[in-house]
Amino acid sequence: MKRRLLLSLSYLLATIASYATVITGVVLDMSDDSPLPACAIAISPLNIGTQTDLDGVFTLDLRPGDYIIKASYVGFKPYEQAIAVGSKDMNLIIRMQSAENVLSEVVVTAQESQGPTSASRIDRAAMQHLQPSSFTDLLELMPGNISQNPNMGGVNTIKLRETGNLSATGTLSSDNPDYDISSLGTLFNVDGAPISTDANMQSIGTTAANGRTSLNRGVDMRSLSTDNIESVEIVRGIPSAEYGNLSSGMVNIKRRRSATPWTARFKADGFSKLLYAGKGILVGPSKTNTLNFDIGWFDSKIDPRDNLENFQRITASVRSSLHWRTSDVNIDWNIAGDFTATIDKSKVDPDLSLTKIDEYKSDHKETSFTSGLSLNFEKLSWLENLDVNFSASYADDRLERHLQVAPMRATVAPSTTTAGVHDGHYILGEYIADYLAEGKPVSIYGKVRLSGAIPSWQGARQHYKLGADWTLSKNYGRGQVYDLDKPLSGSWTSRPRAFSDIPALNVAGAFFEDALTAPIGANTLEVQAGVHLTALAGLDKRYYISGRPYLDPRVNAVWRFPAFDLGSRQAELQIAGGYGLNTRMPTADYLFPQEAFLDILQLNYYDTANPTENSRVNIRTYINDATNYALRPARNQKWELRFGAQVGANKLSVTYFQEHMGDGFRYSTIYGNYDYRLYDPSGIAPGSLTGPPSLESLPYRDTSILRSFRRAENGSTIDKKGIEFTLNTARWKPVATALTVTGAWFRTRYSNSMMLFEPVTDVVDGVSVSDHYVGLYDTADGRINTQFNTNFMFDTQLPRLGLVFTTTLQCMWYVKTRRLTEDGRPTAYLSSEDGQLHPYDDAAANDPMLKYLLKYYNPGLFDTYTIPTALYVNLKATKTIGRWLRVSAFVNRIIDYLPDYTSNGLKVRRNSEAYFGMELNFTL
Amino acid sequence: MKYIRLLILLFTLPLLSCSDDVPAASSVDIKIVVELPEQFSGHAAESSTFHITNLSTGNTIDITRNGSYAATVSVSPGLYTIRYDGTATLDGAPEVAIHASVSSVTISAPTTVSLPAYATVETDDLIISEIFFTGTLQTSGNSYNGDQYFKLYNNTDHVIYADGLVIFESLFLTTEKFNYEPNIINSAVSVDALYAIPGSGKNYPVAPGESLLIADIAIDHRTINPNSLDLSHADFEWYDVSTSPMYTDIDNPAVPNLDKWYCYTQTIWQLHDRGFKAYGLARIPEGKDAFMAAHYYTVDYENITVAGAFPMTKRGYWLPNDMVVDVVNLSIESNYQWNVTDPSLDSGYTYCGTINNDKTRYFHSVRRKFLAKDGDRIVLADTNNSGDDFNPFVVPSEIELQKSVTDISGATASTVTIDGITPAEQ
């Protein structure tokens, strides 16, 4: 920079000192001699330049000498000409050739991988055209997905190859924690290091705060900015054995590491604003190393009309790629430092709500360091590469609630943190409650990988990969901090807990994979086969999982038939398939849950004469270890079959897949029998007391009651099957348009895999049935959902105009959902009399209390609900203006076709709202 | 260009589908026939008026046909509520009012609408004179509902024993009408809570013109909420025993508790604080155990939502109409759909607030109207039409008597009335 400045300065001085020659030129389009305005002209080796005016004319003053004049214009081939400037003024005519036929087209959609497993690859050009606010928006390009409005008011989780949880109305309900494994089991890898969320504990009490925290739900895609991403590969099929601790699939993110000019992006849409600036420079003596840095800011409202709820993301990143070359070894070292902050805020409007103070704020500030060292040995064949990856991250998470609590009646606050009998107290009147969940999750990751060639027979090539990795996750936060006497609600029963007391979670992995490419006749066979071993290290011996390695065999193979001619085009066919087991270890929250506090009121005496002094609440508290030592990892078994064809530039890929997971994580309710002493205060005459009544003076009865707590279980089943397809056609020259058809048919079954205790709420003759009897139902509580969609994307590219225009017709042909048939008759019931399970026979069904355990389901509940075809048209356009500006705009659902349909004889009307936005991109 | 053609097609598709035209409205003749109760058949109506209300326009046509129980009228097609008011005299008996109504009938073609009629019978038992279901507001503006109460009144000229009288809550909402199957409304009320006044028969006498205060929690609520009431002088309270601190009720040992026969919720029974249910009184001769064993039933229906109709189920008890002593349907004008009891039990509804979630409803109750004075005894209106019999949305009697807070501003009550409107001096 400094040098450049000096140079221009010296040039300026020289111009003043000597006599300058005037060069006048005109820049024309070679095809029709029309002038090209605003064309950039540069003179080398001098660092000067100019631009043509509206008539394509430019003027320059130069000292006599030899120069090279360069002209560049979007959509045209660069122009260079040597000129010898004498003392006489010169006139130049520059004719530029359109680059339309030579510019490579931009790929504005996801591309199906040609490798052994099914994966979608999304490049920078596609992202730029898509204009995403966060990583979530990229998923629109995946088979089976259509564009969605941003939902920044809740955690954005990923789901691969499934319909997602649907409600009875067929709409997506993302908050069912029973199937969190869908997103938890998807691995996000950024520059070779996984994003670890296992030590995330942010929650309110023991539940995720209405979908706002990502506890046990994996990566929150809202926090991932797309601006510094070079490419994304989303593996839907069976991932390479190299990657472990995942169950459904993986996302590989590769970020930009190259010299780039300053780029800046400003995006605005109905919900949000986004700013980004970044640059990449070449550093080092030989300019072989790169340094990239960027910052971004995103601010979104959940509802554009509501100023009280918003989500912000701030990102900063510095990345460097360093290279050394010796005669024996090439060393590449990628290092990066990142900072990401997300702030999720919500407040109630005191003018609209009866509650005047109700604030929620969740901050996440994460700092991370990533290093990837790669040694390439040119002279060794058995060891070609040695890779060492390391990453460390530290986050400061604060979830705060500030709430005015106004119990609707006098309530009781249990305030002990020890088991046994103690006195509680009444909460009389309103108060302000403050709740803090402070998490400081730390994650450290290391990986070593060797790869090289294995000798094999003539014509075949064989490579191995071998390695091991380790992830440590530990939370150092103070955890839940609040005053037990001022809980967030009148019905609060959990207790504060420090996250720093929770042990570290160590996940160890090792893998071996062999990749074989063999010609068989004129065919080619590629086989990738390996095993990944996952184990939890350093876990208490009481855990079943402790010391047990889980072996994931994974195989992918492709058979490529010999190419042949089809008319004038070359055609290729391939058949591929894969099978694999995929294991996801439980998170720290599942393995080390908080102790379950069960409080039983033994005495509830409110003194009407002097409530503050003479009342007495006596509580017996049981503390249960909610740890499920028998917890196993969630394992997903996948297989797929793919057919691929390519005729000229037309490509088709069709994949059939099936996945089965029978042991997904969920919290189940565990019932037990608890003894307590029930005091009878009815004999106390109010006004006769001078202090709280003594327990000794009261009549009592020793009895027992059924109570429950939550425990993590392998209780969820997800069965997926479906067909995914992608068709890319060659560009049709007359209209410069290509068609991409993607779509999928998915059938997903969500269900429980274990019998369920389900309490009833009836109170009969003053006795709550579920205090004494709870039924155990051999039932299926889930749904079977199917959907079929096809997206038709027409992309028109006119490089000469710098214009890319896409029209996407998104067709959701149907969405169907059916609740699994339930039988309301319990197989057994638990009784508070003995705490034992008893068979639920006919005698029980006629018992005056037990008869209430017979659940009844309206048979129509299990009918299939079908939402018929929904069609939307989305438009997106990108236009390059001049050398440094690119303008993009999009309108999703500018046209919709949502025919009315009937549901049980009732007409249902649908409507949709357009979502639009635009952005400016500067390249300086 | 292929896709442009596709776009045009897409544009025109919605146009093509807009063809469900409705024929222009024209008048149709309907015949309205009052179906008399058995004992009145053959007796001429002395006065006879039909009120035909178009629910969409709100227009009402009143037709007087003295001497006749039928009328023919020309109306435009639409959704109607038709009411009939008449009087008749049986041989040797005093004049009795005859009422009939049918709500939400769709009229699209000439038809005969029959209105099942009933005669108002004076209740020889306690009746509900007030329901305070809205609760109060705390100083911050948050709601408080531990102070809900009922008042039962002896409207007769003799002592009534309250023992065994059952207070019930309807299973259905007056703001939600679905195709309940089986439909038992003509013979029974579907209920989800039953609480009985204790006593063995003559423990709780109520003198003529006296009332009983039945509170959720019979304590001085001002300890918890300064804007609330002192209900420690209540005659009864309903106490929901709980061993869980997640939901606790409070028991005043000095005030007898109602006998909890059945309640749908495991937590605490609160009255619907927007008033979407019906509350009533019943005498159940067969007693608790026999009734509880025989009257549990399941009702299927389709829940109609904007996303379609969804099969659902409710479970509760059916209470035969002849056991019902009194019932008060509560609703609000903006959401009212139907009365959840047979018209013979109640043919109107009363309310606090006019729109859903009306924030002005707090600190208000519904109170039975003053009708006349029989000596010193106040006689309250009882025509089995809560719309006619109650003063809606008035200051509760306990707030008046205690001169306590009447709204969030902290203003206090200054006057005492008989029924929320008629001054007590009268």
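Let me begin with what I mean by contact: two residues are in contact if their C-beta atoms, placed from the backbone, lie within 7 Å. What I am showing you is a predicted model, so please hear every value that follows as computed from that model.

With that definition in hand, I will start where the two chains meet. On the side of chain A, 61 residues are in contact with chain B, and on the side of chain B the corresponding number is 57. If we ask which elements of chain A give two or more residues to this side, the answer is a set of strands: strand 21 (411-413), strand 32 (596-605), strand 39 (763-764), strand 43 (803-819), strand 47 (870-881), strand 48 (885-897) and strand 50 (906-908). The largest share comes from strand 32 of chain A, which gives 4 residues. Sorted by class, the side of chain A that touches chain B holds 33 nonpolar residues, 21 polar ones and 7 charged ones.

One of those elements deserves a second look, since strand pairing crosses from one chain to the other here. Strand 39 of chain A is joined by 2 bridges to strand 18 of chain B, residues 259-263, and the two strands run antiparallel. Within this pairing, the residue that stands opposite A:Val764 is B:Tyr262, in strand 18 of chain B.

Let me stay with chain B for a moment. Its secondary structure comprises 4 helices and 26 strands, and of its 426 residues, 44% count as buried. Turning to contacts within chain B between residues at least 6 apart in sequence, 65% join residues that are at least 24 apart. The domain assignment divides out domain 1, covering 28-119, and domain 2, covering 126-358; taken over C-alpha atoms, the centres of these two domains of chain B are separated by 31 Å.

Finally, back to chain A, and to a sheet in its N-terminal numbering range. Here 3 strands form an open sheet in the order 4-1-7, with mixed pairing. Strand 4 (57-62) and strand 7 (90-96) of chain A are the edge strands, each pairing on one side only, and neighbouring strands of this sheet are turned against each other by 25° on average, direction ignored. Strand 1 of chain A, residues 21-29, runs parallel to strand 7 of chain A and is joined to that strand by 7 bridges. As one example of the register, A:Gly25 has A:Leu92, in strand 7 of chain A, as its bridge partner.

Technical notes. Residues are numbered from 1 along each chain as its sequence is written. Chains are lettered from A and ligands numbered from 1 in the order in which they are written. This is a predicted model: local features need pLDDT of at least 70, side-chain atom pairs count only at pLDDT 80 or more; totals for chains, interfaces and linings use all residues. Domain bounds come from an automatic or database domain assignment. Two strands pair if DSSP finds at least two bridges between them. Axes are lines fitted to C-alpha atoms, for helices over the stretch in contact, and angles run from 0 to 180 degrees between N-to-C directions. Ala, Val, Leu, Ile, Met, Phe, Trp, Tyr, Cys and Pro count as nonpolar, Asp, Glu, Lys and Arg as charged, and the others, Gly among them, as polar. A residue is buried if 20 or more other C-beta atoms lie within 10 Å of its own, exposed if 12 or fewer, and partly exposed in between; C-beta atoms are placed from the backbone.
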